[in-house]
Amino acid sequence: MSDSDDRIVILQPPEVCESRIKMAYHHSMQLLLVEDELEIQRFLKQSLTDAGYDVDAAKDGRAAAQLASGKKYDVLIVDLGLPDQDGIDLILQLRQSGVSSPVLILSARRSVDDRVKGLEQGGDDYLTKPFALAELLARLRNLLRRNLAASEEASRLRVLDLELDFIRRRASRGGEVLNLSPQEFVLLEYLCRHAGRVVTRSMLLSEVWGMRIQPDTNVVDVHIYRLRGKVDVEGREPLIKTLRGIGYVLKDR
Amino acid sequence: MSSKTANPIMHSAAWRISLWATLAFAIGTMLVFAMVHRFVANDIQRRSDAWLTGEVAVLGDVAGRTPKDRLYGRVVREVAELASREVPNKLRSNGNENDSVFFLQAGDDGNLKLWVGVGDGTQHLAAIRALKAVSDVPYDLNVKGFKHPFRVASVRMEDGSHIYLGLSERDELRVLRNLRFRFLCLWLLIVLFGFAIVFYATRRMLNYVREITEAASRIGQSDLSSRVPTNKRNDEVGHLALTLNHMLDRIESSMHQLHTITESLAHDLRSPLTAIRGKLEIVLSSDLKVEQSEPIVSAIDELDRLTEFLNTSLDVAEARADALRLSRTEVDLDELLRVMLDLYEPCMSEKGLRVDLRSAGPVTVLADAALLHRVIANLLDNECNHLPAACTVSIRLGASENTVILTVEDDGPGFASEVGLQMFEQRVKGRDSKGRGLGLAFVEAVVRAHGGSVTASNPPQGGALLTINWPRAAEETVDAPHSLTLVNR
């Protein structure tokens, strides 16, 4: 978006951000990607591999079932519109045969009913096409963390010289308390929890404000701009960066 | 027929139908009875007349042959009394036999010569004299002091005297009265019974029609997959139900077809959009100079707009065709507006706009939360994009008994005049508008799909005014969990 507040135009390759994931675990995460559109399969496989995952790809339900029976995957990414069977049926079938890994459903369908249906039937998250890669990666991380049991309930969070106190709902930078509104605190908290990783506008809208909308205006940018004015004060290193066309990232080193 | 309204049975069609049917039946049977009655009365009279003419002839004969001596009166009286014992239609219960028959002989000078019967016969003679016209056929005679008329036959003797034989119509009338009384009782019984049967039958049938109506209205309001009840009988109402169900099958199948078309359209467009977007993102994430990344960024931006446009267009199309699938939950409009304004306020104040929300507290509506979010976002986007600086947007949320009224008013230039009546049509927009003209069409389509209405106007004091009437949540769902609405984390 051609927003006026994009002062910093830094293109941080996702693989740099995502390499953290790779290092966090001893082995790289095993992913099974079930997608029949070869174009989509190709670029997904590439970006997921770049992000440090080991990706096996299948183009239909049968191949997916075969792969899943031979290997334990950490996450399954399943497209709902498969040529030989419905993605939901595939997930059900895999669950029945003992595959308990979380599933990220990709769908080009429009109705919200499918989302609920998908979650009820064992899928663990849902993403509508087209999506931002950053969002896909964020959701994958969420699923993996959920899988490894949450360890988020700390009362404090530190990112470089930025510190968040969740009990007093207060943020400080280099010991100096920042004068944030409750809304800005929530926004900053979300950025900090995803420090070093890209967050998209729609992720912020759905996670911070709780709505899945696509505003025709730069509402999110103005919020980030204001937050940046309070966090990245004169003389301090700018932490909140805009990745044009992708989203935002809070620097963590 | 429920007893909810005052006197619902009297207003039901079953009541009216049975009333008219019973009336027709009652009049018909009454006419038939009148004919039967007439026939019976005539027949009885014919028999009496035949007897009278026969007897009077016999008496005349006897009177003519009997010598006019001292015994004359006695002989004729004996014969007359004998004859009176054979009166037709006579009720034996009546002890006094003679009061139903009289015999009278009057001389040609008009004096009473011989009398057999109750009383002295002067009254009878006076009545016969008053009648004057003497005919050969029996006639009716009203005698003073007698309740019932007499049927009188006469014969003229050779000596110029007249012999009259009268038979009281009392017994005949009593038979007819009995007949009428019995008929009336039976008629009343039959009519009431008939009314009950007709009422029961039509009520049953119309109850079934009512069930069909209720089911049809339920289907019309929400659930297109259910059907009106059908019965086993192969009658007209059963046909109606079957026809309705056939129609619903077709509507559902065309709805389904529309869904399939929009779904496959969405699918077929989304897959390439996903691939393009992904590839652009990959290019963007490699090391590029700012000038090189600029077109890619704007391409991604355009792709997102295109996706949003596609989604909204399909939503509007489906909503227009009443085929939009809504997953309704309880949404607090007041809370939603506050969160929305919290989101939009920075952007608006950045543009020099002021926002002012007036709400009387929580207002719950039953709505598809995702669509409602987009409706509010569309309204605010609209204000953001079209208002010049230093304007004020006033949002008012009010609730009446069964509607929620949301008004969005501003003091800007108002809606462009050329937009006029087509305000809510797709792709209609003001000349200076830079949007795709889908925003208000979407708002209107979604509100309509929820059973509400939208009106837009330029009030006389200037600016633009948009009023949304949203039906209130049904009472029985009030205690549904407040989840899914807003999670302000």
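## Exercises on a predicted two-chain model

In this predicted model, strand β9 (residues 392–399) and strand β10 (residues 403–410) of chain B run antiparallel and are joined by seven bridges. The exercises below begin with this pair.

### Exercise 1. Strand pairing in chain B

Determine how β9(B) and β10(B) are connected, and identify the strand that pairs with β10(B) over eight bridges.

Solution.

Step 1. Consider the link between the two strands. β9(B) and β10(B) form a hairpin, with three residues between them.

Step 2. Locate one residue pair within this hairpin. Ile395(B) has Val408(B) in β10(B) as its bridge partner.

Step 3. Turn to the other pairing of β10(B). Strand β12 (residues 464–471) of chain B pairs with β10(B) over eight bridges, in the antiparallel sense.

Step 4. Locate a residue pair here as well. The bridge partner of Val404(B) is Trp470(B), in β12(B).

### Exercise 2. Two helices of chain B

Describe how α4(B) and α5(B) are oriented to one another, and classify the residues of their contact as nonpolar, polar or charged.

Solution.

Step 1. Take the geometry. Helix α4 (residues 170–221) of chain B packs against α5(B) at an angle of about 10 degrees, and the axes are 10 Å apart.

Step 2. Classify the angle. Angles under 35 degrees count as roughly parallel, and α4(B) is therefore roughly parallel to α5(B).

Step 3. List the residues that meet. From α4(B) come Met205(B), Tyr208(B), Val209(B), Ile212(B), Ala216(B) and Ile219(B). Their counterparts in α5(B) are Val237(B), Leu240(B), Ala241(B), Leu244(B) and Leu248(B).

Step 4. Classify the residues. The contact of α4(B) with α5(B) comprises eleven nonpolar residues, no polar and no charged ones.

### Exercise 3. The annotated segments of chain B

State which residues of chain B the UniProt annotation "transmembrane region" covers, and give the secondary structure of the model over residues 20–40 and 183–201.

Solution.

Step 1. Read the record. The unreviewed UniProt entry places the annotation "transmembrane region" on residues 20–40 and 183–201 of chain B.

Step 2. Examine residues 20–40 of chain B. The chain is 100% helix and 0% strand there, with the end C-alpha atoms 30 Å apart.

Step 3. Examine residues 183–201 of chain B. This stretch is likewise 100% helix and 0% strand, and its end C-alpha atoms are 26 Å apart.

### Exercise 4. The contact between the chains

Establish how many residues of each chain take part in the contact between chains A and B, and which helix of chain B gives the most to it.

Solution.

Step 1. Count the participants. In chain B, 50 residues are in contact with 45 residues of chain A.

Step 2. Assign the chain B side to helices. α5 (236–285), α6 (290–320), α7 (333–350) and α8 (369–386) of chain B each supply at least two residues to the side that touches chain A.

Step 3. Identify the main contributor. α5(B) gives the most, with 15 residues.

Step 4. Sort the chain B side by residue type. There are 22 nonpolar, 14 polar and 14 charged residues on it.

### Exercise 5. Two sheets of chain A and one helix

Give the strand order of the three-stranded and the four-stranded open sheets of chain A, and name the strands that α7(A) touches in each.

Solution.

Step 1. Order the three-stranded sheet. This open sheet of chain A runs β10-β12-β11, with antiparallel pairing.

Step 2. Find its edges. β10 (198–199) and β11 (240–243) of chain A each have a single partner strand, so one side of each is left without a neighbour in the sheet.

Step 3. Place the helix. Helix α7 (residues 182–193) of chain A packs on this sheet and touches β10, β11 and β12 of chain A. The direction of α7(A) makes about 75 degrees with that of β12(A).

Step 4. Order the four-stranded sheet. Its strands follow the order β6-β7-β8-β9 (chain A), and the pairing is again antiparallel. The edge strands are β6 (156–159) and β9 (176–178) of chain A, each pairing on one side only.

Step 5. Inspect one pairing. Strand β8 (residues 170–173) of chain A is joined to β9(A) by three bridges, and Ala171(A) stands opposite Leu178(A) in β9(A).

Step 6. Place the helix again. α7(A) also packs on this sheet, touching β6, β7 (162–165) and β8 of chain A, and its direction makes about 120 degrees with that of β7(A).

How values were computed:
Residues numbered from 1 in each chain as written. Chains lettered and ligands numbered in written order. Predicted model: local features only at pLDDT ≥ 70, side-chain atom pairs only at ≥ 80, totals over all residues. Contact = placed C-beta atoms within 7 Å. Nonpolar A, V, L, I, M, F, W, Y, C, P; charged D, E, K, R; others polar. UniProt positions renumbered as here; feature names shortened; annotations may be inferred. Axes fitted to C-alpha atoms, helices over the stretch in contact; angles between N-to-C directions. Parallel < 35°, antiparallel > 145°, perpendicular 65-115°, else oblique. Pairing = 2+ DSSP bridges.
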